[in-house]
Amino acid sequence: EVDFPKHLERMAADTRIKGIRRLLQSDPDDLSAGQVFRDNLRRLAPLGLTFDICVQSRQLGVARDLVAACPEVQF
């Protein structure tokens, strides 16, 4: 099992990494509504990392809800 907070800290220490990307278009729509996913996403902001949100047009509502739930994160 990956320790996501430690993984993010290692990534943030690499000045070449500016953010992360998750291809949500191939995941179940309810994945990004989960508390663990959102809590982990919120960890990006204090580390100065962004999130590239990748969805299909039919998932724009899912993306909108995720952005609203994590206002401190730069998408």
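**Three phenylalanines, one cluster**

Hi everyone! Let me start with the main point: Phe-37, Phe-51 and Phe-75 come together as one aromatic cluster. Please keep in mind that this is a predicted model.

How many aromatic pairs turn up when the whole structure is searched? The search gives two. In one of them, the ring centres of Phe-37 and Phe-51 sit 6.4 Å apart with their planes at 85 degrees; an angle over 60 counts as edge-to-face, so that is what we call this pair. Phe-37 belongs to helix α2 and Phe-51 to strand β2, residues 50-54, so the pair links distant parts of the chain, 14 residues apart.

Now for the other pair. Phe-51 also meets Phe-75, with ring centres 6.0 Å apart and planes at 85 degrees, so this pair is edge-to-face too. Phe-75 lies in the segment after α3 while Phe-51 is in strand β2, so parts 24 residues apart in sequence are tied together.

Are these rings buried or exposed? Phe-51 is buried, at 2% relative accessible area, and Phe-37 is buried as well, at 15%. Phe-75, at 32%, counts as partly exposed.

Let's look around the cluster. The largest nonpolar core has 13 residues, and Phe-37 and Phe-51 are among those that touch the most other members, along with Leu-41, Leu-44, Leu-66, Cys-70 and Val-73. Helices α1 (4-13), α2 (35-42) and α3 (60-69) each give two or more residues to this core.

Finally, who touches Phe-37? Leaving out residues up to four places away in sequence, its contacts are Arg-22, Leu-24, Leu-31, Ser-32, Phe-51 and Leu-66. Thanks for listening!

Definitions and conventions. Residues are numbered from 1 along each chain as its sequence is written. This is a predicted model: local features need pLDDT of at least 70, side-chain atom pairs count only at pLDDT 80 or more; totals for chains, interfaces and linings use all residues. Side-chain values use heavy atoms; hydrogens and water are left out. A nonpolar core is a set of buried Ala, Val, Leu, Ile, Met, Phe, Trp, Tyr and Cys residues joined through side-chain atoms within 4.5 Å. Buried means under 20% relative accessible area, exposed over 50%, partly exposed in between (1.4 Å probe, protein chains only). Helices (H or I, at least four residues) and strands (E, at least two) are DSSP runs, numbered from the N terminus. Contact means heavy atoms within 4.5 Å. Rings of Phe, Tyr and Trp (its six-membered ring) pair if their centres lie within 6.5 Å; planes under 30 degrees apart count as stacked, over 60 as edge-to-face and the rest as tilted.
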